[in-house]
Amino acid sequence: MISLIIKFLVVGCMVVVSVVIILGHGDSLIAGFNTMNENDKKKYNRNKLRISVGLALLIESFMMTLLFIFKYSVVMQYIFAFFTIALVLLLIIYIKMFCVK
């Protein structure tokens with residue numbers, strides 16, 4: 001029971017972080033973006049970057065919730081792994097194609 005509460009607290013934290021990023025107050029939470037110099041940061045559309053990273057984090061938290069609900073079944077683990085890899089690849093492609101000015 002305690003482990004389930006901890007798992008859902010982690011998912012809740014992920015949801016809060018994704019909302020913070022989407023609302024524009026979490027640029028420092030986007031990996032790699034906070035370490036760029038100002039010239040490199042000007043190359044990206046910040047609003048599109050925030051929304052795409054925030055939505056990806058929301059989708060991942062929803063997928064983790066499904067994984068917890070289905071009690072780590074083998075099929076669900078494969079589905080989770082496939083969708084996580086697909087989500088990361090799609091996020092990279094989207095950022096490179098649509099978030100660059």
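**Salt bridges, a helix face and ring pairs**

User: Is D40 buried, exposed or partly exposed?
Analyst: This is a predicted model, and in it D40 has a relative accessible area of 28%. Buried would take a value under 20%, and exposed one over 50%. D40 falls in between, so call it partly exposed.

User: Which residue forms a salt bridge with D40?
Analyst: The partner is a side chain at 47% relative accessibility, which counts as partly exposed. The closest N and O atoms of the pair are 3.4 Å apart, and the cut-off is 4 Å. D40's partner is K43.

User: And which residues get joined into one network?
Analyst: The salt bridge between K43 and D40 is a pairing at 3.4 Å. Salt bridges that share partners build one network, and its members are D27, R46 and R50.

User: How many residues apart are R46 and D27?
Analyst: Their side chains meet in a salt bridge at 3.4 Å, N to O. R46 belongs to helix α3 and D27 to the loop between α1 and α2, so the link joins distant parts of the chain, and the gap is 19 residues.

User: What N to O distance does the salt bridge of R50 and D27 have?
Analyst: R50 is in helix α3 while D27 is in the loop between α1 and α2, so this pair ties together parts 23 residues apart in sequence. Both partners are buried, with D27 at 17% relative accessibility. N to O, they sit at 2.8 Å.

User: How far apart are the end C-alpha atoms of helix α1?
Analyst: Helix α1 runs over residues 2-22, which makes 21 residues. At 1.5 Å a residue you'd expect a span of 30 Å. The model agrees, because the end C-alpha atoms are apart by 30 Å.

User: What arc do the buried residues of α1 cover?
Analyst: The buried ones are V11, M14, S18 and I21. They end up on the same side of α1, because around the axis their arc is only 80°.

User: Which helix do those buried residues pack against?
Analyst: On the other side of α1, I2, L9 and V16 are exposed. The buried side chains V11, M14, S18 and I21 belong to the set that packs against a helix covering 46-69, namely α3.

User: Which residue with a positive phi follows α1?
Analyst: Look just past the end of the helix, where phi comes out near 95°. The residue there is G24.

User: What angle lies between the ring planes of F8 and F68?
Analyst: The structure has 3 aromatic pairs. F8 and F68 make one of them, with 5.8 Å from centre to centre. The pair links helix α1 to helix α3, with partners 60 residues apart. Edge-to-face needs over 60 degrees, and this pair qualifies with 80°.

User: Which of F8 and F68 is buried?
Analyst: F8 has a relative accessible area of 34%, so it is partly exposed. The other ring is at 9%, which makes the buried partner F68.

User: How are the rings of F82 and F83 arranged?
Analyst: Their centres are 5.4 Å apart, with 70° between the planes. F82 is exposed at 56%, and F83 is partly exposed at 43%. Since edge-to-face means over 60 degrees, the F82 and F83 pair is edge-to-face.

User: Which ring does the charged end of K41 sit over?
Analyst: The charge comes to 5.5 Å from the ring's centre, and the limit is 6 Å. The ring belongs to F33.

Key: Residues numbered from 1 in each chain as written. Heavy atoms only, no water. Helix = DSSP H or I, 4+ residues; strand = E, 2+ residues; numbered from the N terminus. Expected span 1.5 Å × (residues − 1). Buried < 20%, exposed > 50% of the residue type's maximum accessible area, 1.4 Å probe, protein only. Arc of directions from axis to C-beta. Contact = heavy atoms within 4.5 Å. Phe/Tyr/Trp six-rings, centres within 6.5 Å; stacked < 30°, edge-to-face > 60°. Lys NZ or Arg CZ within 6 Å of the ring centre and 35° of its normal.
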